[in-house]
Amino acid sequence: MRIIVVIALLVAELGAAWAQSASPLGESRPLLALHSPATAAGLDRIERYLFTESALSGRVAGLLALVTAREMNLVHEWSIREDAARASGLEPAVIDVIRNNAPVAALSRDDALLIDFGRQLFRNRHVRSETFAALVDLLGQQDAFDAIMLLAYPAMAGILQRAVDQQPPAGWNAARLPRIANVGTPTGRPAEFVPLAERPPLAPDVYEDSYYRFPLLAREDLAPRAQEIFDRVVGADRPGTPRGPVGMTFLSAALVEPVRDINNALRVNGVIGTRLAEIVIAATGREMNSQYQWTVHGAGAAQAGAGQAVLDAIRTDAPVDGLDAKDAIAITITRELFREETVRSETFAKAVDLFGTRGTVEIVALIGDYLMMTTVYNALGMRLRPDQEATLPHRAGAPVGAEWR
């Protein structure tokens, strides 16, 4: 099962019963292409690269995807990835450690590192410097980035599965992924805030040009194929990669264009428009307690005309009753996906009524897209620049993300 199938189900089953089964990828792609073809193509390319073409495809890819499914309690994703992981050679004992949140001490050093990395990333929204360094030592720069994407990408799949209440296949045994306390990311207590500590100094492993754990890349240092992509995406007249998601994805150049294409399809060319797209992204940043996403996309929403009432409601977890109906339902979908791990039936129906099929697809996909990219930021230790202030009130009970470490 691929992520595209989930969106296809969303498209096919809107206004009917929740999706319960899926067709093969090849059958579902044309259906999704009617609604958001660039998004469908981008997701397809990311999945194919990570799971079948990258150096980590197979056993390691299966292990990392299972870690994400465990941390986010993604029953449907687990039901798909477990069998594929077994077929790729992942041992049942390793799967059981992930499934049961068991200690990793009895595993190989490499497997223990990969599982510990994922657990830190989801539970703390940050990975310790020594753990990050160990991953790079083990895999090298590109494969380490691919490993991070193999954790982040299934998180996006999970958002889409939650939105349509995607269930595992008939005959599913709930013991294959039991609910376990203290896994995943605490969202914190909405509207209950605590002060952040003083801004910490820049960590020794964070570079001053990029403000994350890898330096910006010079065009001349890229492989010929990556230089071709650089010239199309960044421009041949630029000396190096920009800061942010485009620059980061050049760490594994095959991911640059599909990630960009998804972003453009949803933010620039989507039917919901730039204003609402920025509101959805800002609301996602709020739910993830991401100072970085709030700084960038709160400002983007303001510039796009969101209005102070909308921004204040997002920032402070205030009720949305007095907002425009479209703004209110977009924020509500975001909140429910993170806080309740689903979208309520009445919320879903209202979204379809207000935005139509394609608009609903775009809102959910945007939430998943920015969950994916914020997860990457957290893994890379993305920091705010000195001129960027932490203006998002920090929720009590939520971990402090990489931006303030």
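Start with the whole protein chain, coloured by secondary structure: this predicted model comprises 17 helices and 2 strands. Its radius of gyration is 20 Å, close to the 22 Å that the globule rule gives for 405 residues, so the chain is as compact as a globular protein of that length. Turned along its principal axes, the C-alpha trace spans about 55 × 50 × 45 Å. Of the 405 residues, 56% count as buried, and among contacts with a separation of 6 or more, 73% are between residues 24 or more positions apart.

**The nonpolar core**

Next, select Leu50, Leu63, Ile363 and Leu380, which are the residues with the most contacts inside the largest nonpolar core, a set of 112 residues. Then show helix α17, residues 345-379, since the largest share of this core, 15 residues, comes from that helix. In soluble globular proteins, nonpolar side chains tend to be buried together. To look at one of these core residues in detail, centre on isoleucine 363 and display its surroundings: with neighbours within four places in sequence left aside, isoleucine 363 is in contact with Ile272, Leu276, Val280, Ala330, Ile333 and Phe355.

**The aromatic pairs**

Now show the aromatic side chains, among which a search of the whole structure finds 5 pairs. Select phenylalanine 117 and phenylalanine 132, whose rings form a tilted pair with 6.4 Å from centre to centre and 35° between the planes. Phenylalanine 117 belongs to helix α7 (residues 109-124) and phenylalanine 132 to helix α8 (residues 129-139), so this pair ties together parts that are 15 residues apart in sequence. Both rings belong to residues on the buried side of the 20% cut-off: phenylalanine 117 has a relative accessible area of 2%, and phenylalanine 132 one of 5%. Add Phe214 to the selection, and you have a cluster in which ring pairs link Phe117, Phe132 and Phe214.

A ring in another setting can be found by selecting phenylalanine 51 together with arginine 81, where the charged end of arginine 81 sits over the ring of phenylalanine 51, 4.2 Å from the ring centre.

**Arginine 395 and its surroundings**

Move on to arginine 395, which is placed in strand β2, residues 394-395. Is this arginine buried or exposed? Arginine 395 counts as buried, at 0% relative accessibility. Show the side chain of glutamate 287 as well, and a polar contact of 2.8 Å can be traced between the side chains of arginine 395 and glutamate 287. Expanding the selection, again without neighbours within four places in sequence, brings in further contacts of arginine 395, including Thr187, Gly188, Arg189, Pro190, Glu192, Phe193 and Val194, as well as Arg286, Asn289, Asp317 and Arg339.

**Two residues with positive phi**

Finally, inspect the backbone at two loop positions. Arginine 125 lies in the loop between α7 and α8, and its phi is near 50°, a positive value in a residue other than glycine. At 8% relative accessibility, arginine 125 counts as buried. Alanine 191 is located in the loop between α9 (141-163) and β1 (193-194), and phi of alanine 191 is near 70°, likewise a positive value in a residue other than glycine. Alanine 191 is partly exposed, with a relative accessible area of 48%, whereas arginine 125 is buried.

Note on methods. Residues numbered from 1 in each chain as written. Predicted model: local features only at pLDDT ≥ 70, side-chain atom pairs only at ≥ 80, totals over all residues. Heavy atoms only, no water. Phe/Tyr/Trp six-rings, centres within 6.5 Å; stacked < 30°, edge-to-face > 60°. Helix = DSSP H or I, 4+ residues; strand = E, 2+ residues; numbered from the N terminus. Buried < 20%, exposed > 50% of the residue type's maximum accessible area, 1.4 Å probe, protein only. Lys NZ or Arg CZ within 6 Å of the ring centre and 35° of its normal. Polar contact = N/O pair within 3.5 Å; in protein donor to acceptor, adjacent residues only side chain to side chain. Contact = heavy atoms within 4.5 Å. Core = buried A, V, L, I, M, F, W, Y, C linked by side-chain atoms within 4.5 Å. Rg over C-alpha atoms; globule rule 2.2 N^0.38 Å.
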